[in-house]
Amino acid sequence: MIDTRSALVLFSGGQDSTTCLAWALHRFEHVETIAFDYRQRHRIELDQRLVVLTEIRRRFPQWAAKLGDDHFIDMGVLGQISDTSLTRETAFEIEQDGLPNSFVPGRNLLFFTFAAAVAWRRGIRQLVGGMCETDFSGYPDCRDNTIKSLQVTLNLGMDRSFVLQTPLMWLDKAETWALADELGGAALVDILLQHTHTCYQAERGPLHAWGHGCGECPACALRKRGFEIWKSAG
Ligand code: ZN
C-alpha cells in the first residue's frame, strides 16, 4: 500500500530542513524523517537534529502525534570519495568553474535515492527536501530541473510514483523565515533560532539574533542576511 498522506522528510537539523519538516507536518497525516552521516565537517548538525525533533514534539502536540520514525543512514563512503571543503579541513573558496568547493558531487542525488529506497519499504509516496535555487550556493543538484529529472528517474527505476516536494525551491531566505513563522509562529521561529544548525564551520558559539554560527561562512552569511531582511520587512 502506498500512502499518499505520508511523507519522508530529508531532515539534517538545519534551518531549511526544519522548515520543510514543519511544512510536511502541516500538510500530511504521517511524517517520517531521514538523515545522512557523510562525515560532514559540521556533523554537529546530526546532534542538533535530535534536539529539534524533541523540541517540536514538546511544543507542537498536534505535530507530535503525526511524527513517526527517524531513519539514520551511514553514508561515510560519500565522505571518503569527496575531496571538498565540506568533508575535508580545507578553506571555503570558489573554484575555477565558479562552483564553491563546498559542493559535494552527487550528494542530493544520493540522498533522494536512498530516501526513495526507504520510502519504498515504508510505503511512503511523498519525499520532501529543502533544496532551493533562489538564494543558494549554486550547487547544481539543488536546482529544480535536477530534482524533477530525478523524480522521473526514481519512478522509472523503482516502479513507483514518488512525488519529490521542494517547498523552498522558489523562496529566498527571508521568505523561508516568513514561511516558518506562518507555519509555526513564534514557537517554531524560536526552535529555528536556538536549535537548528547551519554553520559549515560547525561553530555553535553565542546565540546571535539570527541563531548560532560563525557568521562568516557562506551558510551563515545566507542565514543571517535572510533573517535581517525578514525582520526589517516585518
Ligand atoms: Zn558559519
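## A zinc site, two helices and a strand

Cys-199 and Cys-214 are both buried. The model in which they appear is a predicted one. This report begins with the metal site to which these residues belong, and then turns to two helices and a strand.

**The zinc site**

The zinc ion is coordinated at 2.3 Å by the SG atoms of Cys-199, Cys-214, Cys-217 and Cys-220. Cys-199 and Cys-214 link distant parts of the chain: Cys-199 is in the loop between H7 and H8, Cys-214 is also in the loop between H7 and H8, and they are 15 residues apart. Along the chain, the donors follow the spacing C-x14-C-x2-C-x2-C. Why is the arrangement of the four donor atoms around the zinc ion called tetrahedral? The donor atoms subtend angles of 105 to 116 degrees, and four donors count as tetrahedral because all their angles lie between 85 and 135 degrees.

**Helix H8**

Cys-220, one of the zinc ligands, is also listed among the buried residues of helix H8, together with Ala-219, Arg-223, Gly-226, Phe-227 and Trp-230. Seen down the axis of H8, these buried residues fall within an arc of 140 degrees, so they line one face of the helix. A general rule about helices is useful here. An α-helix has 3.6 residues a turn, so residues three or four places apart point the same way.

The buried residues of H8 pack against helix H1 (15–27) and helix H7 (173–195). On the other side of H8, Ser-232 and Ala-233 are exposed. Ser-232 counts as exposed because its relative accessibility is 63%, and the cut-off for exposure is over 50%. Ser-232 lies 58 residues from Ala-174 in sequence, while their C-alpha atoms are 9.8 Å apart in space.

**Helix H2**

The extents of H2 and H8 are set out in the table, each span running from the first C-alpha to the last.

| Helix | Residues | Number of residues | Span | Expected span at 1.5 Å a residue |
|---|---|---|---|---|
| H2 | 44–59 | 16 residues | 23 Å | 22 Å |
| H8 | 218–233 | 16 residues | 23 Å | 22 Å |

For H2, the span is close to the expected value, and for H8 the span is likewise close to the expected value.

The buried residues of H2 are Glu-45, Leu-46, Gln-48, Arg-49, Val-52, Leu-53, Glu-55 and Ile-56. They pack against H1, strand S2 (30–37), helix H3 (61–64), strand S3 (67–74) and H7.

Is Glu-55, which is placed in helix H2, buried or exposed? Glu-55 counts as buried because its relative accessibility is 12%, and the cut-off for burial is under 20%. Leaving aside residues up to four places away in sequence, Glu-55 touches Ile-191 and His-195.

**Strand S4**

Strand S4 (residues 124–128) is mostly covered, with four of its five residues buried. Which strands pair with S4? Strand S1 (residues 3–10) runs parallel to S4 and is joined to it by four bridges. Strand S5 (residues 163–165) pairs with S4 in the parallel sense over three bridges.

Gln-126 in S4 has a partner in each of these strands. Ala-7 stands opposite Gln-126, and in S5 the bridge partner of Gln-126 is Val-163.

Notes:
Residues numbered from 1 in each chain as written. Predicted model: local features only at pLDDT ≥ 70, side-chain atom pairs only at ≥ 80, totals over all residues. Heavy atoms only, no water. Helix = DSSP H or I, 4+ residues; strand = E, 2+ residues; numbered from the N terminus. Expected span 1.5 Å × (residues − 1). Buried < 20%, exposed > 50% of the residue type's maximum accessible area, 1.4 Å probe, protein only. Arc of directions from axis to C-beta. Contact = heavy atoms within 4.5 Å. Donors = N, O, S within 2.8 Å, 3.2 Å for Na, K, Ca; no water. Tetrahedral: all angles 85-135°; square planar, octahedral: opposite > 155°, others 65-115°. Pairing = 2+ DSSP bridges.
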